[in-house]
Amino acid sequence: MNRPNIDPEFEALLDYIKNNRGFDFTGYKRSSLMRRVNKRMQAVEIETYNDYLDYLQVHQDEFIPLFNTLLINVTCFFRDREAWDFIGEKIIPLIAANKQANEPIRIWSAACASGEEAYTLAMVLAEALGVEQFKARVKIYATELDEDALTQARQASYTPQAVESLPPEMLDKYFEPCERGYSFRKDLRRTLIFGRNNLTIDAPISRIDLLVCRNALMYFNAETQGKILNRFHFALREGGFLFLGKAEMLVTHVHRFTPVDLKLRVFTTVPKIGMPDRLSFMANTDKDQKVNKIGSNTRIREAAFDNSVVPQIVVNVNGFLMQVNERARAMFGLQPGDLGRPLQDLEISYRPVELRSCIDQAYTDRRPVHIKEVEWRNFSGELIYLQVLVSPLIEMSGNILGVAISFTDISRYKQLQDDLQHSSQELEMAYEELQSTNEELETTNEELQSSNEELETTNEELQSSNEELETMNEELQSTNEELQTLNDEMRRRTEELDEVNAFLEAIFTSLRGGIVVVNQDLYIQIWNYKAEDLWGLRADEVQGQHFLNLDIGLPVEQLKQPIRKCLSGECDYQEVIANAITRRGKAIACKVTCTPLVNSQREIQGVILVMEEQEALEAS
C-alpha cells in the first residue's frame, strides 16, 4: 500500500530498526513517529535521518533512549475514574452473571506500559468479586512491546508519587510498604501474567471476557488499526467487552463492535464470522481479501435488514439490544442510543407483549415462538393487531447468538377475518342444516390438512437438519485435508533443510582452513571448527558478535579495509598475510582470503574469510 509524502531516508531508518532490533514501526502514523525521532535527534545534535542511521550503527546503546522516546508509556492508577467505576459496577457483574460458579474469568490488558493499568484491573475485579473469588477464578494477561516497561511492571513496586491517585483505603488494602515505596500484594500478584506482545504481528490471546487497550490504537494508521481490531474481535468471547481510551473510536468497525457506553468507550462484540473464516485467520492465508468480502456481505445484510418492511429487532444472548431496523424505530419510538442497552430497561420488553418469557422459551426449545393477534395502540391511538415471531439465532456449531424478533401488522387480515366471521354467522342463520353438514366436512378436512402440514413441516425440518450436517461434514473434511497437506509440505521442507544444514556442516568441518562468514554489518554468521582450533573461541561464543570486536590472536583491524572493499563490490578477491598468535601461543603467518558472499540475484550478502596457517614467525 502506497503512503503519501514518503521520506525515503526515514523509511530506510525504520527498516534498519526492524531488521536489526526486531521492532516494526512501519504501521505507526508517520507524523507521530517523525516528531518523536526528531526529538531524539535533537538530543544527540543530528540533523538528517541518514546521519542518525549512521549514528545508530556505531552507537548501539542509542537504541535504548530511542525506544523509550518512541514507546510512550504514560499511565497511572485509575486513569479516568468514571470509566473504571462503570467497569466495576456494570461490566464485571455482567461477565460473572453469564458464567458458571467456578468458570474462570480471563482478562487481557494490551499495551499495559509499566503495569498500573493491569493492577487497576486487579483491584476493580477484587472489589467486584471479592478477594477469594478473584484469586480462584481470575487470570489477567498483561502484554507490552517495551521490555523495560515490562520489567518494571513485573516488579509490582511503585514510588509514593506513583500511587498518589489511589484512594487511601485501596492503598492499604492492596499494597504493602517496601524499600522503593509500595508493592502490590504478592498473593494477588500471582493472578497477573506479564509478557511481550506486538499487537500488529503477534497472535492474540483467546477466550477473553474483557480486553482493555487504552490510548494505544491512536498511534497506528487506519490500516494497522483495522488489523489490530480484527485480532481483538477474534480474541474476545461471544458477548465479550472491549474498553478503549478517550481518544479512540470505532466508527468504521460497527460490524464487529457495538457501544455499551460510547462516552466511556466501552464496547461489546457482535457475532463473529464462521468457522472457515476463523481457520483462514489463524492460517494467515488471504485473510485481508476474506475479511473485506465478509465486511461487504455484512453491510449488504445490514442494509437489507434496516430496509425490511417488517419491524424487527435483534437481542443478543446477554440480553442487550443489538439491532433495530427503520420500521421498528418508527413504530416503537426506539432511538440509536438504545442500541447496546439491556432489553429489560426498554418499554418494548413488555409492551405490546411480554418478550422476556418468550425469549427464554425460544432459547429452551431452540425453535421460533409465535404470539398471535397481539392488541396494541400505536402513537396515533389507532388499535392494531400484531403477530410477534421470536426466532433463536443459532450458528452452525450449535451456539445460540441471540434472538430476532419481528412484529407483523395483521390488522387488515384481522378485519377480513372478522368480516368473514360476520358473513358466516348470517349465512348460518339461513342455511342451518347445510351449515351443520358443511361444518362436519370442514372439520374433517381441517384435521386432514393439519396432519398433512405437520408431516410436511417435520419432513422439511429433518431435510434441513440433514443438509446442515452434510455441509458441516464437508467443510470439516475439506479443512482437514488442507491442514494435512500443509503439514506434509512443512515436514518435507524441514527434512530438506536438515539435510542441507548437515551437508554444509560437514563441508565446513572438513576444510583445512578456518572459515568465518560475516554479514553486511560484519556480524559473524558462521565459525567453523578450524577457526575454533586456531583462535580458541567456540562457535556459540562468537555467533552474532561483531567481527572487528573480537579479542583473538589475529589482528582483525588489518582486515577491515579488505572486507569493506568486498562488501562494496570494488573487487571480488582480497588476500592479506598477517602475523598472528594461535590459541596455543604459537606465532604464525596467517593468510586471510576475503571473498564476497553473493546470492542468486548477484547481490552481496556478506564476506567469506578463509584463514590458513603459512609458516611460523622467526624469533627475533
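## Salt bridges and surface patches

Asp187 has a relative accessibility of 24%, so it counts as partly exposed. Keep that in mind as you work through these exercises on a predicted model.

**Exercise 1.** Find which residue forms a salt bridge with Asp187, and where the two partners lie.

*Solution.* Start with the contact: Lys135 pairs with Asp187, their closest N and O atoms being 3.5 Å apart. Next, place the partners: Lys135 is in helix α7 (residues 131-137) and Asp187 in helix α10 (residues 186-189). With their positions 52 residues apart, the pair links distant parts of the chain. Finally, check the cover: Lys135, at 32% relative accessible area, is partly exposed too.

**Exercise 2.** Work out which elements the salt bridge between Glu147 and Arg196 links.

*Solution.* First, the side chains meet at 3.7 Å, N to O. Then locate them: Glu147 belongs to helix α8 (residues 147-155), Arg196 to strand β6 (residues 192-196), and they are 49 residues apart. Glu147 is partly exposed at 37% relative accessibility.

**Exercise 3.** Decide whether Asp540 is buried or exposed.

*Solution.* Exposed means over 50% relative accessible area. Asp540 has 56%, so it counts as exposed. Its salt-bridge partner Arg538 lies 3.3 Å away, between closest N and O atoms, and is partly exposed at 47%.

**Exercise 4.** Describe two surface patches with members in helix α17.

*Solution.* Take the nonpolar one: Val500, Phe503, Leu504, Ile507 and Leu511 share about 430 Å² of accessible area. Phe503 sits in helix α17 (residues 432-510). Now the negative one: Glu439, Glu440, Glu442, Glu446 and Glu447 gather on the surface, and Glu440 is also in helix α17.

Key
Residues are numbered from 1 along each chain as its sequence is written. This is a predicted model: local features need pLDDT of at least 70, side-chain atom pairs count only at pLDDT 80 or more; totals for chains, interfaces and linings use all residues. Side-chain values use heavy atoms; hydrogens and water are left out. Patches are made of residues with over 30% relative accessible area and no salt bridge: like charges are joined within 9 Å, nonpolar side chains (Val, Leu, Ile, Met, Phe, Trp, Tyr) within 5 Å. Accessible areas come from the Shrake-Rupley method with a 1.4 Å probe; for residues, only the protein chains shown count as cover. A salt bridge is a side-chain nitrogen of Lys or Arg within 4 Å of a carboxyl oxygen of Asp or Glu. Helices (H or I, at least four residues) and strands (E, at least two) are DSSP runs, numbered from the N terminus. Lys and Arg count as positive and Asp and Glu as negative; His and the chain ends are not counted. The place of a charge is taken as NZ of Lys, CZ of Arg, CG of Asp or CD of Glu. Buried means under 20% relative accessible area, exposed over 50%, partly exposed in between (1.4 Å probe, protein chains only).
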